[in-house]
Amino acid sequence: MSKNILITGASTGIGAETARLLAPENNIIIHYNSSEDAAKTVAKEVKERGGHAHLVQADLSNETGTKGLVQFVTSEFDRLDVLINNAGSLIERREARELEWELMEQIFRLNLFSVMTLSSLCIPLLEKGNGPSIINISSIAMRHGAPTATIYGASKGALDSFTRGLAKELAPDIRVNAVAPGVIETPFHDRVSTKERMETFAESTPLKRNGKPIHIAAAIQFLIENDFMTGETIDVNGGLFMQ
Ligand SMILES: NC(=O)c1ccc[n+]([C@@H]2O[C@H](COP(=O)([O-])OP(=O)(O)OC[C@H]3O[C@@H](n4cnc5c(N)ncnc54)[C@H](OP(=O)(O)O)[C@@H]3O)[C@@H](O)[C@H]2O)c1
């Protein structure tokens, strides 16, 4: 049976690769914010892989945009099988002695408030889904301490806690898991990491390289398929952080 899958931030990077991987026979709801052309390309690729693509634009850094996305999904679909909360950003690097309220709000609105709101509002649709699950995209930054990304790390740490709380609350009907990527080569780093910083990340990683979006997409696919997993966060980071 084909699945209805909502992927937030599916225009580029991890979300786009996940859309391509999950495309065959499924309805992929490709959410984007500013990258319309890239999202259209992903939609074309989804169709080429035998899936159905549905494009929707929304700014998830505010309540109106987040609720608008849910309204679109509710008007187009009578059930949701998978919600992948992937949209997110570090926004900008900032040293701890220069933290500002506005920046903290901005980062938490996008990486946490929108995910909590979207998850909450999608519960009725997920309850009608087939083996439904939610997958949140966390980050290695919430585990190992990330200098100049402390706000971002804190927002992802809160998201990780939300994942476990929600997993217990929604069990046994809806599974909730997360993936915590290490350093993955996507447009995310074009904005916040220099070439030198990316090389240092790779050098510090036991596998001596940064990851690709497919490494995260494959973990997401695994979590969708393994119906005995809930409340789990899978680390995919080439050994950069080991517990
Ligand atoms: N890359 C890494 O090393 C890494 C590591 C750990 C965790 N992550 C997490 O992985 C997730 C995906 O990131 P990525 O690496 O694939 O980066 P990316 O290529 O920059 O993708 C980010 C996605 O989020 C969307 N987005 C950004 N701001 C938004 C807003 N205000 N409203 C709605 N959507 C918005 C973007 O949409 P538009 O482009 O259409 O605006 C884009 O589709 C994020 O949650 C990120 O925190 C990434």
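Let me start with Ile 224, which is found in helix α9, residues 213–225, where helices are DSSP runs of H or I of at least four residues, strands are E runs of at least two, and both are numbered from the N terminus. This is a predicted model, in which local features need pLDDT of at least 70 and side-chain atom pairs count only at pLDDT 80 or more, while totals for chains, interfaces and linings use all residues. Residues are numbered from 1 along each chain as its sequence is written.

Is Ile 224 buried or exposed? It has 22 C-beta neighbours inside 10 Å and therefore counts as buried; the cut-offs are 20 or more other C-beta atoms within 10 Å for buried, 12 or fewer for exposed, and anything in between for partly exposed, with C-beta atoms placed from the backbone. Leaving aside neighbours within four places in sequence, Ile 224 is in contact with Val 82 and Ser 133, contact being C-beta atoms, placed from the backbone, within 7 Å.

Turning to the interior, the largest nonpolar core (buried Ala, Val, Leu, Ile, Met, Phe, Trp, Tyr and Cys residues joined through C-beta atoms within 7 Å) has 64 residues, and among those that touch the most other members are Ala 19, Ile 28 and Ile 220. The largest share of this core, eight residues, comes from helix α4, residues 101–127. Ile 28, not counting residues up to four places away in sequence, touches a set that includes Ile 5, Ala 19, Val 46 and His 52.

Ala 19 also appears where two helices meet: Ala 16, Ala 19 and Arg 20 in α1 face Val 42, Glu 45 and Val 46 in α2 as contact partners. The residues of this contact divide into four nonpolar, no polar and two charged. Helix α1, residues 13–22, and helix α2, residues 36–48, pack at an angle of about 20°, with their axes 8 Å apart, the axes being lines fitted to C-alpha atoms over the stretch in contact and the angles running from 0 to 180 degrees between N-to-C directions. The two helices are therefore roughly parallel to each other, a term for angles under 35 degrees.

Finally, some backbone details. A cis peptide bond, with omega about 5°, joins Ala 171 and Pro 172, and Pro 172 has its place in the loop between α6 and β6. Ile 91, in the loop between β4 and α4, has a phi near 65°, a positive value in a residue other than glycine.

How values were computed:
Angles under 35 degrees count as roughly parallel, over 145 as roughly antiparallel, 65 to 115 as roughly perpendicular and the rest as oblique. Ala, Val, Leu, Ile, Met, Phe, Trp, Tyr, Cys and Pro count as nonpolar, Asp, Glu, Lys and Arg as charged, and the others, Gly among them, as polar.
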